[in-house]
Each structure stands twice: as C-alpha cells, then as structure tokens.
Amino acid sequence: MTEQPTPHPQAPGGLLHAAHGAAGQPLPAPQVPAAPAAPAGQERERAEGGGHARDSRDGGAPTAAEPVRPRADAAPAGGTSAPRAFNEETSAHPSEQERERAEGERLRFVGAATRRIARGIDLDEIVMGLCRASVPVFADAILVYLRDPLPVGDERPTGPLVLRLRRTDRIPDPGMLTGQYTLSGALLPATPLPDGSVRGAQTCEVEPGGALAEVLRGVRPLFGGSKAARAALPELLGADAVPPLAGVDGRRAILAPLRGRRRVIGAAVFLRAPERVPFAPDDLLVAAQLATHSALGVDKAVLYGREAYIADELQRMMLPETLPNATGVRLASRYLPAAETARVGGDWYDAIPLPGSRVALVVGDVMGHSMTSAAIMGQLRTTAQTLAGLDLPPTEVLHHLDEQAQRLGSDRMATCVYVVYDPVSHRITVANAGHPPPLLLHMDGRAEVLDVPPGAPIGVGGVDFESVELDAPSGATLLLYTDGLVESRLRDVWTGIEQLTEKLAETARLTGADHAPPLEALCDSVLDVLGPSDRDDDIALLAARFEGIAPQDVAFWFLDAEPRAVSRARRLAREALERWGLERHIDTVQLLVSEVVTNAIRYATRPVTLRLLRTDVLRVEVGDDVPQLPRVRNARTTDEGGRGLYLVKRLARRWDATRLGNGKVVWFELDA
C-alpha cells in the first residue's frame with residue numbers, strides 16, 4: 001500500500017542531535033573544501049551531468065571524490081547565519097585538514113545511515129529507514145519506488161516491469177521545526193519544499209528500451225539535470241512533477257536505481273529545495289551507498305517475508321484447523337509462537353473422536369523452534385492420530401510414539417500427555433511422557449494439579465509408561481498445556497504451575513460457584529498469566545469442559561450371538577425410543593438395528609453389545625469381537641444379501657465402523 005508523505009520527526013533520536021556546545025552555544029559549522037576553477041567545457045559538462053569529467057555525459061557517480069563549488073548563502077531574517085549541510089562549503093580556499101574533515105563527515109553519515117537501514121527486518125522498516133536517514137540530513141525530500149510485485153530470490157519476474165510509489169518523506173512546515181540539528185557537529189538546513197512539490201505518479205510501467213529502463217540498467221545514481229535523468233524522470237514521476245524537482249542547475253535532484261542481489265527492484269529520488277545548497281558530485285557516492293544498502297535490505301525483507309509466510313502456512317497445516325464437535329465435551333484451544341522471529345515450533349495439540357462417543361485429548365512438545373521441530377511434530381501428530389484410531393490404550397499410544405521418535409533420529413525428543421475422556425462413565429484415563437501435569441478446574445472454583453506419573457520423554461526408549469484413571473465430573477474443565485506457558489527465564493516450571501493454578505481459581509471466582517467460566521474467555525485469561533516479556537517458548541493450550549451424558553440418556557444391552565437376538569434388539573430399541581419420546585424414529589431405527597445386528601451375530605463368537613445414546617443426536621452402536629470392518633457392497637438384483645449397509649448409508653445421518661482393541665463397533669446417527 002502506498003504511504004502518503006509523512007513529516008519527519010524532530011527529536012533526533014540517533015543521527016540528529018541538538019547543535020549546542022557545553023556552554024549552550026551553537027557549534028561551528030565544519031569547513032568543507034571549495035572546488036577549484038574548471039575549464040569552461042568541463043564545467044558545462046559537470047553542470048549537465050554532475051559527475052567526474054570522464055563520466056559527465058551520463059551524470060554517473062564519480063570514481064573519486066571531487067571538490068565542490070563554493071556557494072554563498074544569504075542570511076535569513078534576524079541576521080543569524082544560515083545552517084549548513086555536511087557537504088556545504090565554508091571557505092573559498094579550504095585547507096587539507098578541512099577537506100579531510102568534510103570527507104569524514106560524509107563517511108560518518110553514510111555509516112550511521114546504513115546502520116539505520118540495516119536494522120529493519122520487514123519491507124516497511126527498510127523503506128522507512130531509508131527515508132528517515134535521508135531527510136533532512138542528506139535531502140529535503142525523498143520518493144521511493146519499488147517493483148510491483150517484488151520478485152523473491154531466484155524467482156524470474158513475468159510481465160512488464162511496474163514500479164509503485166512505496167513511500168515519500170519530506171521536511172515539514174517551518175513552524176514545526178524547533179531548533180537546529182547537527183550530524184557530528186555540522187549544522188543542517190531546515191528548508192521545507194513547497195507544498196505539492198513532493199509528488200509523483202503512484203505507478204509507473206517501465207517501457208522496455210526507454211530512458212528509465214536505461215537508467216535502471218546503468219545502476220549508478222544520476223543528477224536530475226543529466227541528459228539521461230531528464231528523459232527518465234518524466235516517465236517515473238510524471239511530466240508535471242519534473243520541473244520543480246530537477247532545478248535550474250540540475251543538481252537539486254538525484255535519481256538512484258535500487259538494485260538488489262540479482263536485479264533492479266526500484267528507484268529512489270532525492271530532492272533539495274532551492275534555498276539549500278545543491279548536491280555535490282560526491283553526494284552521488286552517498287546516494288549510491290544508500291541505494292545499495294536499501295536494495296539489499298529490501299531483498300532481505302522480501303526473503304524474510306516469504307519464509308515467514310511459509311512458516312505460518314506450515315504451522316497452520318500442522319495444527320488442526322477446527323476442533324471436533326465431540327459428544328459430551330466442549331473444546332477450546334490456543335497456539336502462540338515463541339516470537340515473531342520464530343514462527344514455527346514443536347508444540348501441538350489435538351482432539352480425536354474415539355469409538356463409544358469418547359474423545360482423545362493430546363498435547364505435545366518437540367524440542368526446538370525450527371522447521372525441523374515442526375516437521376517432527378507433524379510426524380508424531382500423524383502417528384498419534386493413527387494410533388488413536390486403533391483405540392489403543394494411552395500407554396500403548398505413548399509406547400509407539402516413543403518408538404517412532406527413535407526411528408526419526410537419536411536426538412528426537414518430545415514430551416506428550418494423552419487423555420481419553422468417556423462421557424458415559426464420566427472418567428478420564430491419563431498417560432504422561434515427561435509433560436507438565438494437567439490441571440482440573442472444578443465447578444466450585446477449586447483448581448488442582450492432577451497427580452499423574454511423570455514418565456520419561458518420548459524418544460528416550462526402553463521406558464514403560466503408566467496411566468491413571470480419574471473422575472471427570474460434569475462442569476469441570478481440564479487444561480492441557482505446554483511448558484512455554486509456565487516456564488521462562490524468570491521462573492521455573494513448578495512456580496509457573498502454581499501461578500497458573502491460582503489464575504484458574506481467580507477466574508472461576510469471577511463467575512461464581514454455580515457457573516463455570518466461558519471456555520474461550522478462560523483460555524484468554526490463562527494466557528494473561530504471561531508477562532509482556534515473559535515468553536521464551538511457543539505455547540499450545542487445550543481446554544476441555546466435561547458435560548458428559550446423563551445415565552437416563554444411555555441404554556445398553558448384551559445380546560447373545562444367536563438369530564433370536566435380532567428380534568430382541570428391535571424390541572429393546574423400540575422401548576428406549578418410546579421412553580425418550582422419539583417415536584418418529586422407531587421404524588427407521590428398528591430396520592437399521594436389525595441389519596447391523598444380523599451382520600454382527602453372523603461372525604461373532606461372543607455376546608454382541610447394543611447401545612443407544614441420546615444427546616443432540618440419536619446414536620446407535622453395535623459392537624462385536626470380530627476386528628474385520630464391514631464395507632458397503634453393490635449388490636446385484638439376483639443377490640439375496642449385501643444390502644444392509646447400503647440401507648444404513650442411505651437412511652442414517654452419519655455412520656461408520658471403527659476397529660477396537662478387541663473387535664469393532666458399527667454406529668449410525670439420526671437427528672434427535
């Protein structure tokens with residue numbers, strides 16, 4: 001987005017400072033060498049091109065430092081001598097010491113300006129650094145054009161070369177200037193340009209082979225009065241902007257191409273007002289340095305922006321886009337990167353629906369904040385999802401994650417906590433692998449640290465993991481988190497856990513003992529435990545509010561694996577639906593239960609289970625001891641069977657089959 005001209009700040013924070021000595025008197029202006037008389041022809045060439053005699057035809061930057069022409073400045077009203085720039089002459093016959101001092105001033109300015117430009121990381125900071133370093137010390141105004149779009153790295157641009165005005169800057173109105181400023185003791189002119197003189201076209205399409213294209217290809221800065229610049233400036237700025245910029249003597253403007261590591265990426269125009277001393281030939285060298293460092297900084301910023309985009313996309317793809325709508329539990333999550341300079345890390349969280357309306361809650365942390373850590377995190381998260389789909393116990397899941405981490409490398413270490421919540425039994429099973437313990441916030445506002453075995457981190461190898469089963473009362477909130485939330489340079493892990501526990505209890509007191517705090521607001525409140533500079537690691541946070549399923553909304557039976565179990569299943573399902581007031585679903589449920597139970601008893605060797613759950617949907621589950629999953633068949637017209645699952649697919653809202661540790665479960669859902 002193009003920025004409008006902005007006034008330059010008057011508080012000289014780095015390059016500029018008030019020009020007063022120890023006794024409060026202004027410091028004397030430096031004595032800068034004057035130029036000796038030049039032959040008439042050479043002087044005419046310099047007036048047009050501004051460069052060394054051999055470069056005067058194109059106005060290029062001189063190859064060696066040249067003396068500058070003397071200029072007598074009129075004193076302003078009040079009799080005070082006019083302030084001078086660091087390249088302004090003070091003597092018609094400068095001594096060698098004065099020449100060296102002027103050269104030192106120029107070098108110190110270039111060093112300070114390039115350091116200011118180099119401090120920027122993103123594109124706006126680089127461009128602003130160039131503008132603020134140039135105005136008012138070097139120029140009274142500046143216009144910066146950048147290629148649109150900017151190419152990245154080795155990317156080859158396609159289409160025409162288009163330059164867009166990125167930023168302008170100029171000296172503000174004289175009434176806004178308070179005092180005189182210096183660069184290493186040299187007084188500066190405070191000469192604002194007339195309103196409207198700092199303007200240029202918002203976009204410019206560079207014509208191949210045109211004057212502007214030739215200037216950009218030449219790389220060297222040119223005076224505005226040079227032949228090449230006079231032809232190029234109208235193309236860049238627009239014809240109406242060129243006369244007040246170039247000036248009568250051609251040295252009120254400098255056109256400097258911005259060339260990055262591989263190609264030209266823009267141009268900068270430096271301007272001085274008529275009341276100020278014109279640019280000197282050596283100022284072309286200064287402009288070249290500013291342009292070079294700015295272009296390299298823009299290249300760096302574009303590469304950094306691309307890497308930041310890739311990192312953001314990688315992190316976004318590694319974490320779940322949305323959390324599942326699990327039965328009997330509400331979920332909320334947060335993720336914060338370690339810093340703007342480390343956008344990816346190894347922290348992750350996940351919520352995985354399991355058979356029987358259960359849900360697995362996972363939070364893990366891979367060491368490091370690099371692309372490698374994020375890649376390992378992605379592999380471990382995928383492995384955890386696969387293992388959860390097999391409905392393995394939490395300890396077995398951690399054991400297989402440990403084996404996977406060892407296969408990835410000997411130094412691949414991670415911590416993880418794996419929790420399975422059953423809304424029917426109102427219980428959780430927790431297994432831990434070196435991770436900070438979960439916290440449980442009760443409805444009465446009491447917060448506690450769950451007593452779970454700490455375990456060894458994933459990747460150590462040869463370690464058995466333990467699990468514990470705990471109550472999960474309705475209305476309670478489980479908080480899983482990574483160590484970035486509780487550990488920093490200023491506090492250890494257990495101090496952070498105590499502070500987090502106090503924060504949870506404090507938040508719960510705000511809503512009262514009968515109401516649990518809103519889940520999203522609770523997550524935000526938890527993150528407030530961090531100080532403004534108290535974050536050294538990325539943070540993953542997963543909160544689960546247990547609601548459970550009331551016993552009166554659950555119906556469960558065992559059915560013998562015999563043919564008469566089908567009619568019994570239909571009868572039991574009908575009675576449950578009548579008790580719940582869902583008579584409209586009786587015919588559909590009886591038909592589907594008959595088909596699913598028939599398939600189950602055909603191959604089962606042990607009793608079959610039938611369970612009905614009433615929540616926001618009606619869920620029917622049929623389990624058996626056969627691990628092979630059924631699949632929908634395309635039955636022919638002459639086939640006697642093969643249509644059961646086809647009916648389930650057509651009549652149910654959702655259906656699926658999930659393998660268990662000791663068999664499988666086939667389920668379907670209808671609107672309640």
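**Helix packing and an open sheet**

Helix 8 lies across strand 12, strand 13 (359-366) and strand 14 (414-422), and its direction makes an angle of about 15 degrees with strand 12. The model described here is a predicted one.

The strands crossed by helix 8 belong to an open sheet. This sheet has 5 strands in the order 12-13-14-15-18, and the pairing is antiparallel. Strand 12 (347-353) and strand 18 (467-471) form the edges; each has a single partner strand, so one side of each is left without a neighbour in the sheet. On average, neighbouring strands are turned by 15 degrees against each other, with direction ignored. In general, the strands of a sheet pair through backbone hydrogen bonds, and the pairing is either parallel or antiparallel. At one edge of this sheet, strand 18 pairs with strand 15 (residues 427-433) in the antiparallel sense over 5 bridges. Within strand 18, Val468 is the bridge partner of Val430.

Helix 8 (residues 371-389) also packs against helix 7, at an angle of about 20 degrees and with the two axes 10 Å apart. Angles under 35 degrees count as roughly parallel, and helix 7 is therefore roughly parallel to helix 8. Their crossing is left-handed. On the side of helix 7, the contact involves Glu307, Ile310, Ala311, Leu314, Gln315, Met317 and Met318. These meet Met371, Ala374, Ala375, Met377, Gly378 and Arg381 of helix 8. By type, the residues of this contact divide into 9 nonpolar, 2 polar and 2 charged.

Helix 7 (residues 281-318) has a further packing partner in helix 3 (residues 123-134). Two packed helices are described by the angle between their axes and by the distance between the axes. For helix 3 and helix 7, the angle is about 165 degrees and the axes are 8 Å apart. Because angles over 145 degrees count as roughly antiparallel, helix 3 and helix 7 are roughly antiparallel to each other. Helix 3 passes helix 7 in a right-handed crossing. Helix 3 contributes Leu123, Ile126, Leu130 and Ser134 to the contact, while helix 7 contributes Leu290, Ser294, Gly297, Val298, Lys300 and Ala301. The residues of this contact comprise 6 nonpolar, 3 polar and 1 charged.

Helix 7 thus packs with helix 3 in a roughly antiparallel arrangement and with helix 8 in a roughly parallel one, and helix 8 in turn lies across strands 12, 13 and 14.

Notes. Residues numbered from 1 in each chain as written. Predicted model: local features only at pLDDT ≥ 70, side-chain atom pairs only at ≥ 80, totals over all residues. Heavy atoms only, no water. Axes fitted to C-alpha atoms, helices over the stretch in contact; angles between N-to-C directions. Helix = DSSP H or I, 4+ residues; strand = E, 2+ residues; numbered from the N terminus. Parallel < 35°, antiparallel > 145°, perpendicular 65-115°, else oblique. Left-handed = near helix turned anticlockwise from the far one by under 90°. Contact = heavy atoms within 4.5 Å. Nonpolar A, V, L, I, M, F, W, Y, C, P; charged D, E, K, R; others polar. Pairing = 2+ DSSP bridges.
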